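This report describes selected local features of one protein model. It covers a helix, the nonpolar cores, the salt bridges and some backbone angles.

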Amino acid sequence: MPLRFHLDENVDVAVAHALRRRGVDVTLASEVNLITASDDAHLEFARRAERVIVTHDPDFLRLHAGGRPHAGIAFCASGSRSIGQISRRLIHLNLQFTPDQMHNRVEFL
């Protein structure tokens, strides 16, 4: 089964568009009423929906380090990669890992 992604509100929507053009299942914070929601709310939504959260926010790394369960975190420091680079790396993750393998795992893009 392929990975499904959830982009927090800090990730450019162009990443979602690029993934969707390639048939990847992705949600945006605005689509699931999580604009201005806490990091905990995003992580919980993604965990329950079995989606890897894509973020630039290092607070998610702290939640992971603190033992908070999640369906996976794909982290990219803000401004360190282009939209194309982020999209290609997420497509690669989608081919490389199963949802079970991403459970409680952090991947740096």
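Which residue caps the N-terminal end of H1? In this predicted model, the cap is aspartate 12, with a side-chain oxygen 2.8 Å from the backbone nitrogen of alanine 14. Glycine 23, with a positive phi near 80°, follows H1.

Helix H1 spans residues 13-21, and its buried residues are Val15, Ala16, Ala18 and Leu19. These residues fall within an arc of 165° when seen down the axis of H1, so they line one face of the helix. They pack against strand E1 (5-7), strand E2 (26-28) and helix H4 (83-96).

**Nonpolar cores**

In soluble globular proteins, nonpolar side chains tend to be buried together. Here the largest nonpolar core has 20 residues, and those with the most contacts inside it are Phe5, Leu7, Val54, Leu90 and Leu109. E1, H1, E2, E3 and H4 each give two or more residues to this core. Apart from neighbours within four places in sequence, valine 54 is in contact with Phe5, His6, Leu7, Asp8, Val11, Ala74, Leu90 and Leu109. There is also a second, separate core of seven residues, including Leu43, Ile53, Phe75 and Val106.

**Salt bridges**

The count of salt bridges comes to ten. Three of them are listed here, among them one within a single helix.

| Pair | Closest N to O |
|---|---|
| Aspartate 25 and arginine 51 | 2.9 Å |
| Arginine 68 and glutamate 44 | 3.2 Å |
| Arginine 62 and aspartate 59 | 2.2 Å |

Aspartate 25 lies in the loop between H1 and E2 and arginine 51 in the loop between H2 and E3, so this pair ties together parts 26 residues apart in sequence. Aspartate 25 is partly exposed at 32% relative accessibility, whereas arginine 51 is buried at 7%.

Arginine 68, in the loop between helix H3 (59-65) and strand E4 (73-75), pairs with glutamate 44 of helix H2, so parts 24 residues apart in sequence are tied together. Arginine 62 and aspartate 59 both lie in helix H3, three residues apart, about one turn of the helix. Asp40, Glu44, Arg47, Arg48 and Arg68 are joined into one network by salt bridges that share partners.

**Positive phi outside glycine**

Most residues other than glycine have a negative phi. Glutamate 50 has a positive phi of about 55°; this residue lies in the loop between helix H2 (39-48) and strand E3 (52-55) and is exposed, with a relative accessible area of 52%. Asparagine 104 has a positive phi near 60°. The loop between helix H5 (99-102) and strand E5 (106-108) holds asparagine 104, which is partly exposed at 32%.

Definitions and conventions: Residues are numbered from 1 along each chain as its sequence is written. This is a predicted model: local features need pLDDT of at least 70, side-chain atom pairs count only at pLDDT 80 or more; totals for chains, interfaces and linings use all residues. Side-chain values use heavy atoms; hydrogens and water are left out. Helices (H or I, at least four residues) and strands (E, at least two) are DSSP runs, numbered from the N terminus. Buried means under 20% relative accessible area, exposed over 50%, partly exposed in between (1.4 Å probe, protein chains only). The arc is that of the directions from the helix axis to the C-beta atoms. Contact means heavy atoms within 4.5 Å. A polar contact is a pair of N or O atoms within 3.5 Å; within protein, one must be able to donate a hydrogen and the other to accept it, and residues adjacent in sequence count only if both atoms are side-chain atoms. A nonpolar core is a set of buried Ala, Val, Leu, Ile, Met, Phe, Trp, Tyr and Cys residues joined through side-chain atoms within 4.5 Å. A salt bridge is a side-chain nitrogen of Lys or Arg within 4 Å of a carboxyl oxygen of Asp or Glu.
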